[in-house]
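Me: Got a minute to go through this one with me? I'd like to start with a turn and then wander around the fold.

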Amino acid sequence: MEITVCRAADVALLDQYMGSPGATSFHARRFARQEAGECTYLVAWLDGRPVGHTEMRWIGCAAPEVAPECPEIGGLAVWPEELRSRGIGTELIRAAERLAGQRGLTAVGIGVGPDNPRAADLYARLGYRPVVHYLDRYSYEEYDGTTRECVDACTFLVKDLP
């Protein structure tokens, strides 16, 4: 497995192998944020195809009740499902933590929903501790052109970096 920073050419492959709901590409939006300097979008590759991704958001969590000065690891996913629990998510998180350390940052955060105990267990094993409950809000465009607004209850977890 290899982890790289997303390139423009990777977006189409991410859409092909790890699609987004609706008409808009989550991957294209994350890549645009990377181009704007707001994040670094990391992609895990196995046998030449993307199998995971995460976004190291340098601008912090988008939720107003969470400390914006704490950068956030977001959008972590491994696909297809049968590749989960093989260390891909762990390596993506570690790569994001290394990037934060290279910038001299002393802590990073990650959000998790109550409906994702598997992820919560992973984050706890990696040293993340709960700090605050918040509502994660995001939107995307449906195929018919309507915008879908989503709100997920989450817990923001923080890890101090060495």
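**Chat about the model**

Reply: Sure. In the hairpin of E2 and E3, where two residues sit between the strands, Asp 47 takes a positive phi near 55°. Keep in mind that this is a predicted model.

Me: In which sense do E2 and strand E3 pair, and over how many bridges?

Reply: They pair in the antiparallel sense, over eight bridges. As an example from the ladder, Thr 40 has Met 56 in E3 as its bridge partner.

Me: And what about strand E1 and E2, how many bridges there?

Reply: Four, and E1 (residues 2-5) also pairs with E2 in the antiparallel sense. Ile 3 stands opposite Ala 44 in E2.

Me: How many of the eight residues of strand E2 are buried?

Reply: Seven of the eight, so E2 (residues 39-46) is largely enclosed by the rest of the structure.

Me: Changing topic: how many disulfides does the structure hold?

Reply: Zero.

Me: Why no bond between Cys 6 and Cys 39?

Reply: Because of distance: the sulfur of Cys 6 is 9.1 Å from the closest cysteine sulfur, which belongs to Cys 39, and that is too far for a bond. The cut-off for a disulfide is 2.5 Å between the sulfur atoms. Looking from the other end, the closest cysteine sulfur to Cys 39 is the one in Cys 6.

Me: Is Cys 6 buried or exposed?

Reply: Buried, with a relative accessible area of 4%. Cys 39 counts as buried at 4% relative accessibility.

Me: OK, on to helix H4. Which of its residues are buried?

Reply: Ala 119, Leu 122 and Tyr 123 are buried in H4, which covers residues 117-125. They span an arc of only 95° around the axis, so they end up on the same side of H4.

Me: Which exposed residues does the face turned away from that buried side carry?

Reply: Pro 117, Ala 124 and Arg 125.

Me: And what covers the buried residues of H4?

Reply: The cover includes helix H3 (88-102) along with three strands: E4 (72-78), E5 (107-112) and E7 (147-160).

Me: What happens just after H4?

Reply: Gly 127 takes a positive phi of about 100° there.

Me: Let's talk packing. Which residues touch the most other members of the largest nonpolar core?

Reply: That core has 24 residues, and the ones touching the most other members are Ile 73, Ile 88, Ile 93, Val 108, Ile 110, Tyr 123 and Tyr 128. Two or more residues each come from E2, E3, E4, H3, E5 and H4. H3 gives the most, with six residues.

Me: What does Val 108 touch?

Reply: Leaving out residues up to four places away in sequence, Val 108 touches several residues, among them Met 56, Ile 73, Ala 100, Tyr 128 and Leu 157. There is also a second, separate core of nine residues, including Val 66, Cys 70, Ala 107 and Tyr 134.

Me: Last thing: where does Thr 146 lie?

Reply: In the loop between strand E6 (129-141) and E7. Thr 146 counts as partly exposed, at 41% relative accessibility.

Me: What does the side chain of Thr 146 make a polar contact with?

Reply: With the side chain of Asp 144, at 2.7 Å. Not counting residues up to four places away in sequence, Thr 146 touches Tyr 140 and Glu 141.

Me: And how are Thr 146 and Gly 22 placed?

Reply: They are 124 residues apart along the chain, while their C-alpha atoms are separated by 9.4 Å.

Terms used: Residues numbered from 1 in each chain as written. Predicted model: local features only at pLDDT ≥ 70, side-chain atom pairs only at ≥ 80, totals over all residues. Heavy atoms only, no water. Buried < 20%, exposed > 50% of the residue type's maximum accessible area, 1.4 Å probe, protein only. Arc of directions from axis to C-beta. Contact = heavy atoms within 4.5 Å. Pairing = 2+ DSSP bridges. Polar contact = N/O pair within 3.5 Å; in protein donor to acceptor, adjacent residues only side chain to side chain. Core = buried A, V, L, I, M, F, W, Y, C linked by side-chain atoms within 4.5 Å.
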